[in-house]
Amino acid sequence: QVQLVESGGGLVQPGGSLRLSCAASGNIFSIYHMGWYRQAPGKQRELVAIIDTGGSTNYADSVKGRFAISRDNAKNTVYLQMNSLKSEDTAVYYCNSKMSDARSRVLNDYWGQGTQVTVSS
């Protein structure tokens with residue numbers, strides 16, 4: 001069974017930093033894009049950052065210059081380095097990836113369970 005497992009959330013003061021990690025595991029055939037979304041209370045889930053297999057990235061305007069997404073293809077892992085955090089970054093952060101498993105080889109969207117990031121003094 002293919003799955004995504006996130007780690008690295010927590011409580012941080014404004015201006016602080018956190019790094020999120022998300023590892024894909026299971027009987028994986030291929031991984032295409034990997035990315036991070038977030039959902040704040042009462043708001044829709046929104047894209048934060050995404051990275052494709054070649055390393056090209058795209059960011060939400062609200063995080064440009066503060067967040068950096070990267071991936072380690074050998075470890076099937078994507079990271080999100082978050083710097084200069086603001087209270088408005090508080091949300092549940094979800095890892096997302098389009099992957100196929102070795103048995104069906106059908107591409108599907110996979111989501112992690114979510115990790116809470118709280119920015120507060």
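Which residue forms a salt bridge with Asp89? In this predicted model, the partner of Asp89 is Arg66, and the closest N and O atoms of the pair are 2.8 Å apart.

**View 1. The salt bridge between Asp89 and Arg66 links distant parts of the chain.** Asp89 lies in the loop between strand 8 and strand 9, whereas Arg66 lies in the loop between strand 6 (57-59) and strand 7, and the two are 23 residues apart. Both Asp89 and Arg66 are buried. A search of the whole structure finds five salt bridges, and Arg38, Glu46, Arg66 and Asp89 are linked in a network of such bridges.

**View 2. Arg38, in strand 4, takes part in a salt bridge and in polar contacts with other side chains.** Glu46 forms a salt bridge with Arg38 in which the closest N and O atoms are 2.7 Å apart. The side chain of Arg38 also makes a polar contact of 3.0 Å with the side chain of Asp89, and another, of 2.9 Å, with the side chain of Tyr93. Because its relative accessible area is 6%, under the 20% limit, Arg38 counts as buried, whereas Glu46, at 36% relative accessibility, counts as partly exposed. Leaving aside residues up to four places away in sequence, Arg38 touches a set of residues including Val48, Phe67, Ala91 and Val92.

**View 3. Asp109 and Lys98 meet through their side chains in a salt bridge.** The N to O distance is 3.9 Å, and the pair links distant parts of the chain, with Asp109 in strand 10 (residues 107-111) and Lys98 in strand 9, 11 residues apart. Asp109 is partly exposed, with a relative accessible area of 44%, and Lys98 likewise counts as partly exposed, at 28%.

**View 4. Four strands form an open antiparallel sheet in the order 1-3-8-7.** Strand 1 (3-7) and strand 7 stand at the edges with a single partner strand each, so one side of each is left without a neighbour in the sheet. The twist from one strand to the next averages 15°. Strand 7 and strand 8 run antiparallel and are joined by six bridges, and Asp72 stands opposite Thr77 in strand 8.

**View 5. The largest nonpolar core contains 31 residues.** Among its members, Trp36, Leu80, Met82 and Tyr93 touch the most other members. At least two core residues come from each of several strands, including strand 3 (18-25), strand 4 (28-39), strand 8 (77-82) and strand 9 (91-101). Tyr93 of this core is also the residue whose side chain makes the 2.9 Å polar contact with that of Arg38.

Methods. Residues numbered from 1 in each chain as written. Predicted model: local features only at pLDDT ≥ 70, side-chain atom pairs only at ≥ 80, totals over all residues. Heavy atoms only, no water. Core = buried A, V, L, I, M, F, W, Y, C linked by side-chain atoms within 4.5 Å. Buried < 20%, exposed > 50% of the residue type's maximum accessible area, 1.4 Å probe, protein only. Polar contact = N/O pair within 3.5 Å; in protein donor to acceptor, adjacent residues only side chain to side chain. Contact = heavy atoms within 4.5 Å. Pairing = 2+ DSSP bridges. Axes fitted to C-alpha atoms, helices over the stretch in contact; angles between N-to-C directions. Salt bridge = Lys/Arg side-chain N within 4 Å of Asp/Glu carboxyl O.
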